[in-house]
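Dear colleague,

Please find below the sequence and structure that I am handing over to you. My notes on what was found follow directly after them.

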Amino acid sequence: MNEKNALSTQEVAEMLHVSKSTIYDLIKRGEIRSYKVGRKVRFTEDDVKEYISRSRDSQSAMSISPSNEPGFTLTGGDKKTDGFIICGQDLILDVLSNYMRLHGVPALRAYIGSYDSLISLYKNKVNVASAHLLDSDTGTYNIPYVRRLLPGIPTIVIHLTCRMQGLYVQKDNPKDITTWEDFRRDDITMINREQGAGSRVLLDENLRLLGIYGSSVKGYNNETQSHLAVASAVSSGKADVAVGNEKIARQVDNIEFIPLQKERYDLVIRKEDLHTTEIETLLKIIRSDAFKNEFGHVGGYDTSEMGKIIAEI
């Protein structure tokens, strides 16, 4: 392994938005691979990608945490387990669950997409849902979906961050892909996210506005479960284009990012839970300078309105 290409513990901690002590704990538990150069711990990019992919795609509760909490897998028949369940796929939620554990709340993670996240909150399987779902008729995010998918349930929508969504293409953009219109072309193969993911909804809404059927797009039915997986597929040449967020594009070699849409990434809770110890702890954390500083200087996150209640439905 070329030492110039090796990643240090600090660099991996910054990539995953956690402390160095958390990385050492992951090594100790065998959850992330590493090697030593003398007395220094080093990682390859593949080690980090494998860890992120495994922790997301398994849809388990193996969140980044210094504690060894039991896993949680959300299935069709599950009722809410003991513990506090945060639903969604962004790594910011892993860091949030870690902070909550440090504050005495046994937070678990369920890694599913935005649409299914709201359905799980409706069925009372989770405590907190996350969403980044565009309603193209109104040009707004999340609130129209909360109204439709949680009928009769008073809810609170809390802003977490804004992110830039767009297209992953290979370096130098050899096929000159720049807009949603390019999905009409028969010389382009895409790779898609699973149904219900916010990125999939963003794609489908724009295809609908353009009168493009998904079935006419080559690769549309080739689905995977994470931004990292679709970016890696484009990087390796298995696909020409995919939809995802800016942050992941910075972590994958041989990728360029075409920004198209600023999105809102919000948390949704039941209104009756607003004054519980768990939700009050969550709000205290995401409104704190310490938590905001974790992400304030990280590309791809806008924390200016983090923790603001934007709707009561």
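In this predicted model, the N-terminal end of helix α4 is capped by D90, which places a side-chain oxygen 2.8 Å from the backbone nitrogen of I92. The helix itself comprises residues 91-102. At 1.5 Å a residue, its twelve residues should span 16 Å, and the 17 Å between its end C-alpha atoms agrees with this. Just after α4, G104 adopts a positive phi of about 85°.

Helix α4 is largely enclosed by the rest of the structure, because eleven of its twelve residues are buried. Among these buried residues are L91, I92, D94, Y99 and R101.

D90 also appears in connection with the cavities. Two cavities of 30 Å³ or more were found in a search of the whole structure, and the largest has a volume of about 150 Å³. Its lining consists of 18 residues, and those lying nearest its centre are Q89, D90, H132, R193 and H227.

As to confidence, the protein chain has a mean pLDDT of 85, with 87% of its residues at 70 or more. Among its elements, strand β6 (residues 129-131) has the highest mean pLDDT, 97, and helix α3 (residues 45-57) the lowest, 74. The pLDDT is below 50 over residues 57-73, a stretch that nevertheless has 59 contacts in the model beyond near neighbours in sequence. It is also below 50 over residues 75-79, where there are five such contacts. Where pLDDT is low, the predicted coordinates should not be read in detail.

With kind regards

How values were computed. Residues numbered from 1 in each chain as written. Predicted model: local features only at pLDDT ≥ 70, side-chain atom pairs only at ≥ 80, totals over all residues. Heavy atoms only, no water. Helix = DSSP H or I, 4+ residues; strand = E, 2+ residues; numbered from the N terminus. Expected span 1.5 Å × (residues − 1). Buried < 20%, exposed > 50% of the residue type's maximum accessible area, 1.4 Å probe, protein only. Polar contact = N/O pair within 3.5 Å; in protein donor to acceptor, adjacent residues only side chain to side chain. pLDDT = per-residue confidence, 0-100. Contact = heavy atoms within 4.5 Å. 1 Å grid on protein atoms, 1.4 Å probe; cavity = no way out; pocket = protein on both sides within 12 Å on 5 of 7 lines; lining within 4 Å. Points joined across faces, edges and corners; volume = space filled by probe spheres on them.
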